[in-house]
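Work through the exercises below with the sequence and the model side by side. Try each task on your own before you read its solution.

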Amino acid sequence: MAELNIVMVEPEIPQNTGNVARTCAATGARLHLVGPMGFRIDDKKLKRAGLDYWHLLDITFYDSLSDFFARNTGNFFYFSTKARRTHTQAQYPDGCYLVFGKETAGLPEELLRANREHCVRIPMRNHPDARSLNLSNSVAVGVYEVLRQWDYPGMLRQGELHRLSW
């Protein structure tokens, strides 16, 4: 089974983190939460957003970005509105890490500049009031692009009606 890692650096909004956790639970992606976070992990809003999916998560916590990098190696892809190429132009290998910054500031520019060839953006309209997508939506877009490239390994590809049959 292929391995995908989602990294949230200093998330601030518990509902976004809960939504990302639910995406990870539904896709089998591993979740890495890098502190400091803007909430406690037992926050009711976080639990409500992820609801009954928490037992499906493979989640690791880190004190800081330096702690995360000290404990992980591999192919990192940094999602940012400041990136020069789109997320669909990258080829994502097994075991890769999709790295997302905090809601109010994104990833540190020093990190982006040092890794410019691994920075990707999700295209958006060119309007000053459309600054970025919601963080949890961005994670979902990134996750499903990787899974699409990998041909959705191990994922259920068809559904069934509850009361009727196809």
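The exercises that follow treat strands, a helix, salt bridges, backbone angles and nonpolar cores in turn.

The model is predicted, so that local features need pLDDT of at least 70 and side-chain atom pairs count only at pLDDT 80 or more, while totals for chains, interfaces and linings use all residues. Residues are numbered from 1 along each chain as its sequence is written, and side-chain values use heavy atoms, with hydrogens and water left out.

**Exercise 1. The strand β1**

Task: Find which strands pair with β1 and in which sense, and state which residues cover its two faces.

Solution. Step 1: Helices (H or I, at least four residues) and strands (E, at least two) are DSSP runs, numbered from the N terminus, and two strands pair if DSSP finds at least two bridges between them.

Step 2: β1 pairs with β2 in the parallel sense over 5 bridges, and within this pairing Val7 stands opposite His32 of β2. With strand β5 (residues 97-100), β1 again pairs in the parallel sense, over 4 bridges, and here Phe100 in β5 is the bridge partner of Met8.

Step 3: A residue is called buried under 20% relative accessible area, exposed over 50%, and partly exposed in between, as found with a 1.4 Å probe on protein chains only. On one side of β1 Asn5, Val7 and Val9 are buried, and on the other Ile6 and Met8 are buried, so that both faces are covered. Because 5 of the 5 residues of β1 are buried, the strand is largely enclosed by the rest of the structure.

**Exercise 2. The helix α1**

Task: Compare the span of α1 with its expected span, and decide what hand the unit of β1, α1 and β2 has.

Solution. Step 1: The expected span of a helix is 1.5 Å times one less than its number of residues. Helix α1 (residues 14-27) has 14 residues, and its reach of 20 Å from first to last C-alpha is close to the 20 Å expected.

Step 2: Since 10 of its 14 residues are buried, α1 is largely enclosed by the rest of the structure; among these buried residues are Val20, Ala21 and Cys24. After α1 comes Gly28, which has a positive phi near 80°.

Step 3: A crossover is right-handed if, with the strands pointing away from the viewer, the path from the first strand over the helix to the second runs clockwise. β1, α1 and β2 together make a right-handed β-α-β unit.

**Exercise 3. A network of charges**

Task: Identify which residues are joined into one network by salt bridges that share partners.

Solution. Step 1: A salt bridge is a side-chain nitrogen of Lys or Arg within 4 Å of a carboxyl oxygen of Asp or Glu, and a search of the whole structure finds 6 of them.

Step 2: Glu3 forms a salt bridge with Arg30, and their closest N and O atoms are 3.3 Å apart. This pair links distant parts of the chain, for Glu3 is in the segment before β1 (5-9) and Arg30 is in strand β2 (residues 30-34), 27 residues apart.

Step 3: Asp58 also forms a salt bridge with Arg30, with the closest N and O atoms 3.2 Å apart. Asp58 belongs to the loop between α2 (44-50) and β3 (59-62), and it lies 28 residues from Arg30.

Step 4: Arg30 is buried at 19% relative accessible area, whereas Glu3 is partly exposed at 34% and Asp58 is partly exposed at 39%. Salt bridges with shared partners thus join Glu3, Arg30 and Asp58 into one network.

**Exercise 4. Unusual backbone angles**

Task: Locate a cis peptide bond and a positive phi at Glu10.

Solution. Step 1: The peptide bond from Gly35 to Pro36 is cis, with omega near 5°, and Pro36 is found in the loop between β2 and α2.

Step 2: Glu10 is not a glycine, yet its phi is positive at about 50°; this residue sits in the loop between β1 and α1.

**Exercise 5. The nonpolar cores**

Task: Describe the largest nonpolar core and name the element that gives the most to it.

Solution. Step 1: A nonpolar core is a set of buried Ala, Val, Leu, Ile, Met, Phe, Trp, Tyr and Cys residues joined through side-chain atoms within 4.5 Å.

Step 2: The largest core has 27 residues, and those with the most contacts inside it are Leu4, Ile6, Leu31, Phe79, Tyr92 and Leu98. α5 gives the most to this core, with 5 residues.

Step 3: A second, separate core of 15 residues includes Val9, Tyr97, Leu111 and Cys119.
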